[in-house]
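Trainee: Could you take me closely through one part of this model, the pairing of two neighbouring strands, and then set that part in the context of the whole chain?

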Amino acid sequence: VLVQASAQPAEFRYPAFPALLPIGPDEVWIVTKAGRTHATDPGAAMEVRRHFLGRGATELVQRLVAPDPKLYQMGEFARFSDGGIGLFIDVQAVGWDGRHYRSGAEVARWDAKAGKFEAPRPVGPIDGVLYGYPLEFITEGSTTWQLIMAFGYHQPGGRWSVDAVRTDDQGRSWHFVRNLAEEFGGIRANESGFARHGDGFIVATRGYDRMARLHRTNREFHVLQQADLTGKYPFIHGYVGRPRVFVRDGHGYLIGRNWTRPSGGGTGSNPPMQLCLIRFDPATLAVTGCVILDNAANEAVTDGYYAVTA
């Protein structure tokens, strides 16, 4: 709705994968990929726009174009304790086999005086690990936590994991906290999201085994409780894709792409995906309800849902 693809140059007509950053009571920044396809499109850019809620106007802040052969895939904002803003970018390149590979996350910092983002720079290895795909950030006090993925083709021993890292100096240096895939029992996790709850966190993971899971941890990301969701409830039949978690008025919420029908329903061998808001008890992780936000009619969806909260 906010990006008119037909008005874009041909190489930027595929807006996808939004993330939001509230700037004030009336202003929200939105970052999207601007490219040609879901992936494998060298030169794909990050576009940042500001949207004014009161008058419904949207304007381009900046387009950061990936230098060939790179492509920018996912963008995620971080707001640090000093008010600074970082745009963390999932940087990819196309391999000899035509598939996309992470080449190491980058960050573009907002220069308030210049009114633009600085050129993206590599985040670099964190305690010896080169990461890609920054997932989400939480800032509280002087600390910012981040969930980010490690990919086996970059790591000694071929480690694939979702890790928690932290910074106490506004992102100038990062430090490893926990390998969550290992902490959560050796699961193979992909996209994950998290929220603050009490003195710890609630983490949602998307498993490569198509399982959706919730995990409650302490402040150091040691697991206290976890629950498998897939197959336990009549409206969760696969993973919850690109999950985001938030807590409001004592209730926990999980939003993302979901399958409310088991395999074999819908059109063809697998049912279409839907965008769902799932409510759960943050103390017990028990799911108490599910609302379909989009595609209740089970029509074909050509790409995935990437929901965001603010």
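Mentor: Strand β1, which covers residues 14-22, and strand β2, which covers residues 27-35, run antiparallel and are joined by seven bridges. The model is a predicted one, and the pairing should be read with that in mind. The connection from β1 to β2 is a hairpin of four residues, and within the pair Ala19 has Val31 of β2 as its bridge partner. As a general point, side chains in a regular strand alternate between the two faces of the sheet.

Strand β2 also takes part in a side-chain contact beyond the hairpin, since Glu27 forms a salt bridge with Arg50 at 3.0 Å, N to O. This salt bridge links distant parts of the chain, with Glu27 in strand β2 and Arg50 in strand β3 (residues 45-52), 23 residues apart. Is Glu27 buried or exposed? Glu27 counts as buried because its relative accessible area is 18%, which lies under the 20% cut-off. Arg50 is buried as well, because its relative accessible area is 19%, and that value too falls under 20%.

The structure holds 18 salt bridges, and two further pairs are useful to set beside this one. Asp90 and Arg102 meet through their side chains at 2.9 Å, N to O; Asp90 belongs to strand β6 (residues 85-94) and Arg102 to strand β7 (residues 100-102), so that the pair links distant parts of the chain, 12 residues apart. Both Asp90 and Arg102 are buried. The side chains of Arg213 and Asp228 form another salt bridge, at 3.2 Å, N to O, which links Arg213 in strand β17 (residues 212-217) with Asp228 in strand β18 (residues 223-228), 15 residues apart. Here the burial of the two partners has to be stated separately: Arg213 counts as buried because its relative accessibility is 11%, whereas Asp228 is partly exposed, with a relative accessible area of 40%. Elsewhere, Glu76, Glu136, Arg242 and Arg244 are linked in a network of salt bridges.

The surface offers a feature of another kind, a nonpolar patch of about 310 Å² made by Tyr153, Trp160 and Tyr208. Tyr153 lies in the loop between β12 (143-150) and β13 (161-167), and this residue counts as partly exposed because its relative accessibility is 36%.

As for the whole chain, its secondary structure comes to one helix and 22 strands. The radius of gyration is 19 Å, close to the 19 Å that the globule rule gives for 310 residues, and the protein is therefore as compact as a globular protein of that length. Taken along the principal axes, the box filled by the C-alpha atoms is roughly 50 × 50 × 45 Å. Buried residues make up 51% of the 310 residues, and the accessible surface comes to about 13600 Å², with 51% of that area belonging to carbon and sulfur atoms. Among contacts with a separation of 6 or more, 45% are between residues 24 or more positions apart.

Terms used. Residues numbered from 1 in each chain as written. Predicted model: local features only at pLDDT ≥ 70, side-chain atom pairs only at ≥ 80, totals over all residues. Heavy atoms only, no water. Patch = residues over 30% accessible without salt bridge, like charges linked within 9 Å, V, L, I, M, F, W, Y side chains within 5 Å. Areas by Shrake-Rupley, 256 points an atom, 1.4 Å probe, with all protein chains shown as cover. Salt bridge = Lys/Arg side-chain N within 4 Å of Asp/Glu carboxyl O. Helix = DSSP H or I, 4+ residues; strand = E, 2+ residues; numbered from the N terminus. Buried < 20%, exposed > 50% of the residue type's maximum accessible area, 1.4 Å probe, protein only. Rg over C-alpha atoms; globule rule 2.2 N^0.38 Å. Contact = heavy atoms within 4.5 Å. Pairing = 2+ DSSP bridges.
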